[in-house]
Amino acid sequence: MNISDAVRYVGVNDYDLDLFESQYMLEKGMAYNSYLILDDKVALMDSVDKRGTEEWLANVERELSGRKIDYIVISHMEPDHSGSLADILDRFPEATVVGNAKTFAFMGQFSDREFTNQKLEVKEGDELSLGSHTLKFIMAPMVHWPEVMMTYESSEKLLFSADAFGKFGTTDADEDWACEARRYYFNIVGKYGVQVQGVLKKIDAMDVQKILPLHGPVLTENIDYNINLYKTWSAYEAESKGVFVLHASIHGNTAKAAEELAQMIRDLGEERVVVADLCREDLAECVEDAFRHDRMILCCATYDGGAFVPMEDFLHHLQIKGYRNRTVGLLENGTWAPQAAKSMRTYLESMKDINILPETVSIKSSVKDSDKEAMQALAQAIYRAGE
Ligand SMILES: Cc1cc2nc3c(=O)[nH]c(=O)nc-3n(C[C@H](O)[C@H](O)[C@H](O)COP(=O)(O)O)c2cc1C
Ligand SMILES: [Fe+2]
Ligand SMILES: [Fe+2]
C-alpha cells in the first residue's frame with residue numbers, strides 16, 4: 001500500500017491477537033503501522049510489535065530496494081510500536097534514531113543493551129529535512145504516554161499522529177471507523193482529554209491532507225469528520241443525544257427492570273435508548289457507550305452489601321478514564337438490604353460534574369406494580385434532563 005510515490009506503508013496486520021494490551025477484545029485483529037519516506041534521505045517512521053517483526057522487516061527491505069535507512073523516527077515507545085526496534089537498529093547500525101529526551105530515557109528502560117546508533121534529540125517545532133520532504137516534530141505528551149510525539153510532513157501535508165486517530169482492527173477490516181476508534185479512544189486515551197485538546201489546537205493551525213496513525217487505516221478523505229469527533233470526545237461532550245441503560249443482574253430480575261424502564265423512556269418520546277448487559281457485553285464497549293451518550297441509567301443488583309461486581313468494575317473503569325459531565329439515574333435491586341445505589345453513588349460522586357438524579361428506584365427482588373410509579377418518575381427525570 002503506497003501513500004504516495006515517496007511514502008510507503010510498511011506496517012503489519014495481526015489477525016491472531018486475542019486481547020490488545022491484554023484486555024481489549026479484538027474482533028478484527030489489530031494493525032501496527034509503520035511508514036517509510038523515500039527522499040534524498042530515507043526515514044522510517046516507527047517499528048511494530050514484536051509479533052510482526054519478520055513481516056515488517058520484509059516490508060521495509062522490499063520498499064527500500066537496496067537503499068539504506070538514514071533516520072528512524074520514534075513516535076511512541078510502547079512495545080506495540082517499539083517491539084521491533086532492536087531488530088532494525090541491528091540491521092541498520094548507521095541509521096540515526098530520532099526522538100525526544102523522554103524517548104531516549106524510555107529506550108534505556110526497555111532494553112539494557114548498548115545501541116551504537118547515533119541519536120538525534122528533538123523538541124517541539126524542530127525540523128528535519130529529508131530533501132523535498134521536511135519533518136516537523138510536535139510533542140503530544142500523554143496522548144497516550146509522556147514521550148509521544150507526532151510528525152508533520154509539510155510537502156505532502158501528512159500528519160503522523162502516533163496512537164491518536166487509531167482504532168482496533170486490521171487495516172483491511174471492513175468496518176466503521178468511528179465505532180472502533182471510539183472504543184479505542186475512551187479506553188486507551190480517554191483519561192487525557194486536556195492533553196488531546198492541546199494537540200488538536202496545534203493540528204488546527206496546520207494544513208493536514210492525510211492522517212497516518214499507528215493503528216488502523218490511513219485517513220485520507222473527509223478528515224474534518226475524524227478531527228471533529230476527536231474534539232467532541234476530548235472535550236468530554238456527548239456525541240449522541242440519548243440514554244444508555246446498563247444492567248448488572250445475577251438472576252435476571254434487574255435486567256427485566258432495566259428493559260421496562262428503557263421502554264418507559266422510549267414511550268416518553270426519547271429517540272435513542274440503548275440497553276446493555278454489563279455481565280455479558282464487552283466492558284470496553286460499555287465504557288465507550290457511557291461516554292458516547294449524554295445520559296445513563298445504571299441498574300444493579302445488590303451483592304454482599306454493595307453493587308454486583310461487574311458494576312463496581314465498570315464504575316472503577318469510568319472513574320479512571322475520567323468520565324464526567326453527564327446525567328446519571330440509578331435503579332437498585334436487593335432481597336433483604338438493597339445497597340447497590342449507595343455504592344454506585346459513591347463512585348459517581350468521585351467523578352467531575354455528574355448530575356445524579358434524585359429519583360433513585362429501589363426494588364425488592366423483582367418489579368411489582370407498586371414499583372411502576374417510582375420507575376415512571378425516573379424515566380421522566382432522565383427524559384427531561386435531555387430536553
Ligand atoms: C452472592 C449474593 C449476594 C447477595 N448479597 C445481597 C445483599 O448484600 N443485600 C441484598 O439485599 N441482597 C443481596 N443479594 C440478593 C440480590 O441482590 C437479589 O436477589 C436481587 O433481587 C437479585 O436481582 P437479579 O435477579 O437481577 O439478580 C445477594 C445475592 C447473591 C447471589
Ligand atoms: Fe500507546
Ligand atoms: Fe499503540
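How are the donor residues of the iron ion (ligand 2) spaced in sequence? In this predicted model, the spacing follows the pattern H-x1-E-x65-H-x18-D, and the residues concerned are His76, through NE2, Glu78, through OE, His144, through ND1, and Asp163, through OD, which coordinate the ion at 2.0 to 2.3 Å. The angles among these four donor atoms run from 87 to 171°, and the site of the iron ion (ligand 2) is accordingly classed as irregular. His76 lies in the loop between β8 (71-73) and α2 (79-82), whereas Asp163 lies in the loop between β14 and α5, so the pair ties together parts of the chain that are 87 residues apart in sequence. Both His76 and Asp163 are buried.

The iron ion (ligand 3) is coordinated by Asp80 (OD), His81 (NE2), Asp163 (OD) and His215 (NE2), with distances of 2.1 to 2.3 Å. Along the sequence, the donor residues of this iron ion (ligand 3) are spaced D-H-x81-D-x51-H, and Asp80 and His81, which stand at the start of that pattern, are both buried. The arrangement around the iron ion (ligand 3) is irregular because its four donor atoms subtend angles of 83 to 168°; for four donors to count as tetrahedral, all angles would have to lie between 85 and 135 degrees. The two sites are joined through Asp163, which bridges the iron ion (ligand 2) and the iron ion (ligand 3) across a separation of 3.4 Å.

With regard to nonpolar packing, the largest core contains 93 residues, of which Ile88, Phe165, Leu298, Met311, Phe314, Leu315 and Leu318 touch the most other members. The element that gives the most to this core is helix α5 (residues 177-189), which supplies eight residues. A second core, separate from the largest one, consists of 23 residues and includes Ile3, Val7, Tyr71 and Phe137. In soluble globular proteins, nonpolar side chains tend to be buried together. For Leu318, the contacts beyond its neighbours within four places in sequence are with Val287, Ala290, Phe291, Met296, Tyr323 and Met351.

Aromatic side chains form a further set of interactions, with a count of 19 aromatic pairs. Tyr35 and Phe160 make one such pair, in an edge-to-face arrangement with 5.5 Å from centre to centre and 70° between the planes. This pair links distant parts of the chain, since Tyr35 belongs to strand β6 (residues 35-38) and Phe160 to strand β14 (residues 158-160), 125 residues apart. Tyr35 is buried, at a relative accessible area of 1%, and Phe160 is likewise buried, at 3%. The pair formed by Phe186 and Phe291 is stacked, because the ring centres are 4.4 Å apart and the planes stand at 10°. Phe186 is placed in helix α5 and Phe291 in helix α9 (residues 283-292), so this contact ties together parts that are 105 residues apart in sequence. Both Phe186 and Phe291 are buried, and both belong to one aromatic cluster, in which they are joined by Phe165, Trp177, Tyr185, Tyr225, Tyr230, Trp233 and Tyr323. An interaction between a charge and a ring is found at Tyr236, where the charged end of Arg324 sits over the ring, 3.9 Å from its centre.

Two further positions illustrate the surroundings of individual buried residues. Val10 is found in the loop between β1 (7-9) and β2 (12-14), and it counts as buried because its relative accessibility is 0%, where the cut-off is under 20%. Apart from neighbours within four places in sequence, Val10 is in contact with Ser34, Tyr35, Leu36, Leu44, Trp56, Asn59, Val60 and Glu63, and Tyr35 in this list is the residue that pairs edge-to-face with Phe160. The C-alpha atom of Val10 is separated by 24 Å from that of Phe104, which is 94 residues away along the chain.

Gly242, the other position, is found in strand β16 (residues 240-248) and is buried, with a relative accessible area of 0%. Its contacts, not counting residues up to four places away in sequence, are Glu270, Arg272, His293, Asp294 and Arg295. Gly242 and Ile382 are 140 residues apart along the chain, and their C-alpha atoms are separated by 9.6 Å.

Methods
Residues numbered from 1 in each chain as written. Chains lettered and ligands numbered in written order. Predicted model: local features only at pLDDT ≥ 70, side-chain atom pairs only at ≥ 80, totals over all residues. Heavy atoms only, no water. Core = buried A, V, L, I, M, F, W, Y, C linked by side-chain atoms within 4.5 Å. Buried < 20%, exposed > 50% of the residue type's maximum accessible area, 1.4 Å probe, protein only. Helix = DSSP H or I, 4+ residues; strand = E, 2+ residues; numbered from the N terminus. Contact = heavy atoms within 4.5 Å. Donors = N, O, S within 2.8 Å, 3.2 Å for Na, K, Ca; no water. Tetrahedral: all angles 85-135°; square planar, octahedral: opposite > 155°, others 65-115°. Phe/Tyr/Trp six-rings, centres within 6.5 Å; stacked < 30°, edge-to-face > 60°. Lys NZ or Arg CZ within 6 Å of the ring centre and 35° of its normal.
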